[in-house]
Every structure is written in structure tokens, then in C-alpha cells.
Amino acid sequence: GALTGGVYLDCAATSKKPHVVIRTLADAVLHDANVHRGSYGAAAAATAAYEKARAVVLSFIGAPRDGAVIFTRNATASINLVARSWADSRLGPGDEIL
């Protein structure tokens, strides 16, 4: 059935998507281009959309500057990035994270 109202936060990978998300994903697939990798029209449009999304996130969370936010492919990649870049230099054998 149609998704009307409500917010579903059960699991980002499998949750119901609002129609605006489905339309945006379909548009991205139909006009696929690499971000920051080309000078042709589709790549420029993809880069502009990507940077607009970054600006929206920065504003939403009140980030102080562009470099304060990075995008990763998923939550697992984000957690691994933090673990490798922060925890490796601060934790040693026998340390535990609760």
C-alpha cells in the first residue's frame, strides 16, 4: 500500500521509503554519474546535488565547517572509519569499549 504519514526508523537498509526518497533514488539511477570525477553535464549535476546534500546536513547538525562532515557508504563503514582513525591511536591490548 501507499506510504502515508509516519516515520519508520526500524532499519535504514530495509525501512519503508517515502515517495520523495524513491523518486530521488530513481532519478539518481537514471542520471548516474560520478561525483567530483568529471566535467560533463551529468557529473557536474551529480556533484552539485552531492554538495547541496552536504550543505543541508551541515546546517541541520550545526557543523562549524565543511570539513566537519564526511559521507561514507553506510553505518558500518562509518564505525570502522572511527575505529581505525581514532581508536587505533588511543587504545591498546586489554582495553575495552563498552
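Confidence in this predicted model, expressed as pLDDT (the predictor's confidence in each residue, from 0 to 100), is lowest in helix H3 (residues 75–90), at a mean of 86, and highest in helix H2 (residues 41–61), at 91. Across the protein the pLDDT averages 83, and 84% of the residues score at least 70. Where pLDDT is low, the predicted coordinates should not be read in detail.

Residues are numbered from 1 along each chain as its sequence is written, and side-chain values use heavy atoms, with hydrogens and water left out. Because this is a predicted model, local features need pLDDT of at least 70 and side-chain atom pairs count only at pLDDT 80 or more, whereas totals for chains, interfaces and linings use all residues.

**Overall architecture**

The protein has three helices and zero strands, and from the N terminus on its elements run α-α-α; helices (H or I, at least four residues) and strands (E, at least two) are DSSP runs, numbered from the N terminus. Of the 98 residues in the protein, 11% are buried, where buried means under 20% relative accessible area, exposed over 50%, and partly exposed in between (1.4 Å probe, protein chains only). Among the contacts (heavy atoms within 4.5 Å) with a separation of 6 or more, residues 24 or more positions apart account for 0%.

**The largest pocket**

About 610 Å³ of space lies in the largest pocket. A pocket is defined on a 1 Å grid over the protein atoms alone, as an open set of points where a 1.4 Å probe fits, with protein on both sides within 12 Å along at least five of seven lines, and lining residues have an atom within 4 Å of a point. Grid points are joined across faces, edges and corners, and the volume is the space filled by probe spheres set on the points.

The lining comprises 18 residues, of which Thr24, Ala28, Ala49, Tyr50 and Ala53 lie nearest the centre of the pocket. Helix H1 (19–30) and H2 each supply at least two residues of this lining, and H2 gives the most, with seven residues. By class, the lining has 13 nonpolar, three polar and two charged residues, with Ala, Val, Leu, Ile, Met, Phe, Trp, Tyr, Cys and Pro counted as nonpolar, Asp, Glu, Lys and Arg as charged, and the others, Gly among them, as polar.

**Selected residues**

The table lists relative accessible areas for residues of helices H1 and H2.

| Residue | Helix | Relative accessible area | Class |
|---|---|---|---|
| Thr24 | H1 | 52% | exposed |
| Ala28 | H1 | 45% | partly exposed |
| Thr47 | H2 | 17% | buried |
| Arg54 | H2 | 13% | buried |

In helix H1, the side chain of threonine 24 reaches the backbone oxygen of valine 20 at 2.8 Å, which falls under the definition of a polar contact (a pair of N or O atoms within 3.5 Å; within protein, one must be able to donate a hydrogen and the other to accept it, and residues adjacent in sequence count only if both atoms are side-chain atoms). Alanine 28 lies 8.1 Å from alanine 46, C-alpha to C-alpha, although the two are 18 residues apart in sequence.

In helix H2, threonine 47 is in contact with Asn34, Val35 and His36, leaving aside its neighbours within four places in sequence. Histidine 36 itself is placed in the loop between H1 and H2, and has a positive phi of about 60° although it is not a glycine. Arginine 54, not counting residues up to four places away in sequence, touches Asp66, Val69, Ile70 and Phe71.
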